[in-house]
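Dear colleague,

I am handing over the structure we spoke about, and below it I have set out what was found. Please read the notes with the structure open beside them.

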Amino acid sequence: MVVTRAYDDEGVGLVEKQSSTPDGVKRLHAEAYHLRAITARDDLSNFARLVPTVLSAGFENGTSRLMQSSVPGSGVTTLTADMQVTLARCIGEFHAATTERAVVGPTEIRCWITDRVASITPMLPRSDAALLRALGRELADDVTGRTVSLSWIHGDLSPANVVVSPDAT
């Protein structure tokens, strides 16, 4: 994935992301979808200011492109204890605002377990792959039919992906 940072004529920060790999195309599509979903929901308005605004997104000549606003603030390399507390509180509020109850069925099992196990097993020694497949089947059997709480998450949370204001909020 190629990420380019720039500024428009009014000094507003922009971030352009491009990818032509199948995984990258899928990730950019998902990112645009979820950013738009956050800004479209009235009940998530407190969080909309914390995420970039999608300015444009598309797919052309085998390349996916996402243009978004840059979130004001500076990146960090280390999260202080105070930052971690603030981040945990914000994430907790986001989880509470997006929580819904669902019964785990075949679609969830495939997405959450079967597909993930299948993507990892080719990289493992045969005996470990067999153990992982068995663990996946056991987990699937255990959670199928259960009612669980689901909420949105931040898929790549790391210090490099946290932007803070000058007062570290």
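Two strands are said to pair here if DSSP finds at least two bridges between them. By that rule strand β3 (residues 54-60) pairs with β4, since six bridges join the two, and they run antiparallel. Please keep in mind throughout that this is a predicted model.

To begin with the whole, the protein has five helices and eight strands, which follow one another along the sequence in the pattern β-β-α-α-β-β-β-α-β-α-α-β-β. Its C-alpha atoms fill a box of roughly 55 × 40 × 30 Å, taken along the principal axes. Of the 169 residues, 24% count as buried, and the accessible surface comes to about 11800 Å², of which 55% belongs to carbon and sulfur atoms. Among contacts between residues at least 6 apart in sequence, 60% join residues at least 24 apart.

The part I would look at next is strand β4 (residues 63-69), which is mostly covered, five of its seven residues being buried. Besides its pairing with β3, strand β4 is joined by six bridges to strand β2 (residues 13-19), and these two also run antiparallel. For orientation, Glu16 has Met67 as its bridge partner in β4, while Val54 has Gln68 as its bridge partner there. The hairpin of β3 and β4 has two residues between the strands, and in this hairpin Asn61 takes a positive phi near 50 degrees.

Gln68, which lies in strand β4, deserves a closer reading. With a relative accessible area of 5%, Gln68 falls under the 20% cut-off and therefore counts as buried. Leaving aside residues up to four places away in sequence, Gln68 touches Gly13, Leu14, Val15, Lys17, Glu31, Leu35, Pro52, Thr53, Val54 and Leu55.

Two of the residues that Gln68 touches, Lys17 and Glu31, also meet each other through their side chains in a salt bridge, with a distance of 2.8 Å from N to O. This pair links distant parts of the chain, for Glu31 belongs to helix α1 (residues 22-40) and Lys17 to strand β2, 14 residues apart. Which of the two partners is buried, and which is partly exposed? Lys17 counts as buried because its relative accessibility is 15%, under the 20% cut-off, whereas Glu31, at 24%, is partly exposed.

A search of the whole structure finds seven salt bridges, and two others may be worth setting beside the one just described. Arg89 forms a salt bridge with Glu93, the closest N and O atoms being 3.5 Å apart. Both residues are in helix α3 (residues 81-98), and because they are four residues apart there, about one helical turn separates them. Arg89 is partly exposed, with a relative accessible area of 47%, and Glu93 is likewise partly exposed, at 40%. The side chains of Asp115 and Arg110 also meet in a salt bridge, at 3.2 Å from N to O; Asp115 is partly exposed at 37%, as is Arg110 at 43%.

As for charge over the whole protein, there are 16 positive and 20 negative side chains, and the centres of the two sets lie 7 Å apart.

With best wishes

Definitions and conventions:
Residues numbered from 1 in each chain as written. Predicted model: local features only at pLDDT ≥ 70, side-chain atom pairs only at ≥ 80, totals over all residues. Heavy atoms only, no water. Buried < 20%, exposed > 50% of the residue type's maximum accessible area, 1.4 Å probe, protein only. Contact = heavy atoms within 4.5 Å. Salt bridge = Lys/Arg side-chain N within 4 Å of Asp/Glu carboxyl O. Areas by Shrake-Rupley, 256 points an atom, 1.4 Å probe, with all protein chains shown as cover. Lys, Arg positive; Asp, Glu negative; His and termini not counted. Charge placed at Lys NZ, Arg CZ, Asp CG, Glu CD.
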